[in-house]
Amino acid sequence: MSALTVLRRYAAKTDLSTIPDSVLFTHTDTSLTLFDLFPKSNTFHFLMMPRITPSLPEEHTRDLRTLLKWDKEKARKVIEGLARDARSVQDMIKEEMKKRFGFEWPIFTGFHAVPSMEHLHLHIIASDLFSDRMKHKKHYNSFHPKRGFFLHLEDVLSWFDATPSYYKTMAKLPKSQYEPLLKEDLICWRCNESFKTIPKLKEHLRAEWEKDAAKVKVKELKRQREDEEYVDIDKRSVKRSTPAAPEEPTP
Ligand SMILES: [Zn+2]
Ligand SMILES: [Zn+2]
């Protein structure tokens, strides 16, 4: 299978048992959610795509551009369906975050303006963008939430309710306008500090994330200590209330 078209092959499947568990995370009648093969988050990175059905033929789901060129109301239904399914995947990610790390951090959900693989897909990615697979400037800039290349699902949904001319303009998604964004400077999406190299940026992103994780741990420790102190106080009060040893019976 070509790496470029592998998503479309999966999206066209009616029998999902032929997709390995290591590939398929979850599904609904209208969408599949796969583990990203080259995760750019250190923790959670999924691709969600609409399933190809007779009412949603593949010619309209090559990418966001072809979908938006199609009938506007049909396109809106596809995006709204993805949004609904994305919410449940986001909830699953948040659960895992709390279970495994004790805290939640932002999740970005959106499309790449110029995708690198065929078949429309939504990225659902936790914002700890310092995985081993995060190797190039274009990788990072494609997920930077304010760079403009990453089109947030909420923003795309809002285009449908904007004026028809705005919709038409946004729906064009010209490569020439978006691709240069990938070459811009490396800037931390949280604090806007700029970095010369990817390793330096990743070091910084990791430190920021670890600081958040540590804050939660400190809070947890404090809570534990308070619990222990409370138990101590309890014990003391138990001791205090224990009646003194019975007096020696007086002869
Ligand atoms: Zn992609
Ligand atoms: Zn920063």
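How are the donor residues of the zinc ion (ligand 2) spaced in sequence? The legends below start there and then move around this predicted model.

**View 1. Four side chains hold the zinc ion (ligand 2).** Here's the spacing: the donor residues follow the pattern C-x2-C-x12-H-x3-E. Put names to those letters and you get Cys188 (SG), Cys191 (SG), His204 (NE2) and Glu208 (OE), which coordinate the metal at 2.0 to 2.3 Å. The angles that the four donor atoms subtend run from 96 to 122 degrees, so the arrangement is tetrahedral.

**View 2. Cys191 and Glu208 link a loop to a helix.** Cys191 sits in the loop between β7 (186-187) and β8 (194-195), while Glu208 belongs to helix α8 (residues 198-241). The pair therefore ties together parts that are 17 residues apart in sequence. What about exposure? Cys191 is partly exposed, at 39% relative accessible area, whereas Glu208 is buried at 13%. Cys188, another of the donors, is buried too, with a relative accessibility of 0%. If you're hunting for disulfides, a search of the whole structure turns up zero.

**View 3. Asn192 has a positive phi in the loop between β7 and β8.** Most residues other than glycine have a negative phi. Asn192 is not a glycine, yet its phi is positive, at about 70 degrees. This residue lies in the loop between β7 and β8, and its side of the story is an open one: Asn192 counts as exposed, at 52% relative accessibility.

**View 4. A UniProt entry marks out residues 147-211.** The unreviewed entry lists this stretch as "domain: Aprataxin C2HE/C2H2/C2HC zinc finger". In the model, residues 147-211 are 54% helix and 11% strand. The C-alpha atoms at the two ends of the stretch are 24 Å apart.

**View 5. Two histidines are the protein donors of the zinc ion (ligand 1).** Which atoms do the job? His121 and His123 each use NE2, lying 2.2 Å from the metal. Both histidines are tucked away: His121 is buried, with a relative accessible area of 6%, and His123 is buried as well, at 5%.

**View 6. His119 has a positive phi in a loop.** His119 is found between β4 (107-112) and β5 (122-126). Its phi is positive, about 95 degrees, although His119 is not a glycine. Buried or exposed? His119 counts as buried, with just 1% relative accessibility.

**View 7. Helix α3 runs from residue 72 to residue 101.** The helix has 30 residues and reaches 41 Å from its first C-alpha to its last. That is close to the 44 Å expected at 1.5 Å a residue. At the N-terminal end, Asp71 acts as the cap, with a side-chain oxygen 3.3 Å from the backbone nitrogen of Glu73. Just after the helix comes Gly102, with a positive phi of about 80 degrees.

**View 8. Ser31 and Asp85 meet through their side chains.** Ser31 has its place in strand β2 (residues 31-35). Its side chain makes a polar contact of 2.8 Å with the side chain of Asp85. Ser31 counts as buried, at 1% relative accessibility.

**View 9. Lys40 and Ile125 are 85 residues apart in sequence.** In space, their C-alpha atoms are 7.9 Å apart. You'll find Lys40 in the loop between β2 and β3 (45-50). Lysine or not, Lys40 counts as buried here, at 10% relative accessibility.

**View 10. Leu153 pairs up with Ile124 for a C-alpha distance.** The two residues are 29 apart in sequence, and their C-alpha atoms are 9.8 Å apart in space. Leu153 lies in helix α5 (residues 153-161). With a relative accessibility of 4%, Leu153 counts as buried.

Note on methods
Residues numbered from 1 in each chain as written. Chains lettered and ligands numbered in written order. Heavy atoms only, no water. Donors = N, O, S within 2.8 Å, 3.2 Å for Na, K, Ca; no water. Tetrahedral: all angles 85-135°; square planar, octahedral: opposite > 155°, others 65-115°. Helix = DSSP H or I, 4+ residues; strand = E, 2+ residues; numbered from the N terminus. Buried < 20%, exposed > 50% of the residue type's maximum accessible area, 1.4 Å probe, protein only. Expected span 1.5 Å × (residues − 1). Polar contact = N/O pair within 3.5 Å; in protein donor to acceptor, adjacent residues only side chain to side chain. Disulfide = S-S within 2.5 Å. UniProt positions renumbered as here; feature names shortened; annotations may be inferred.
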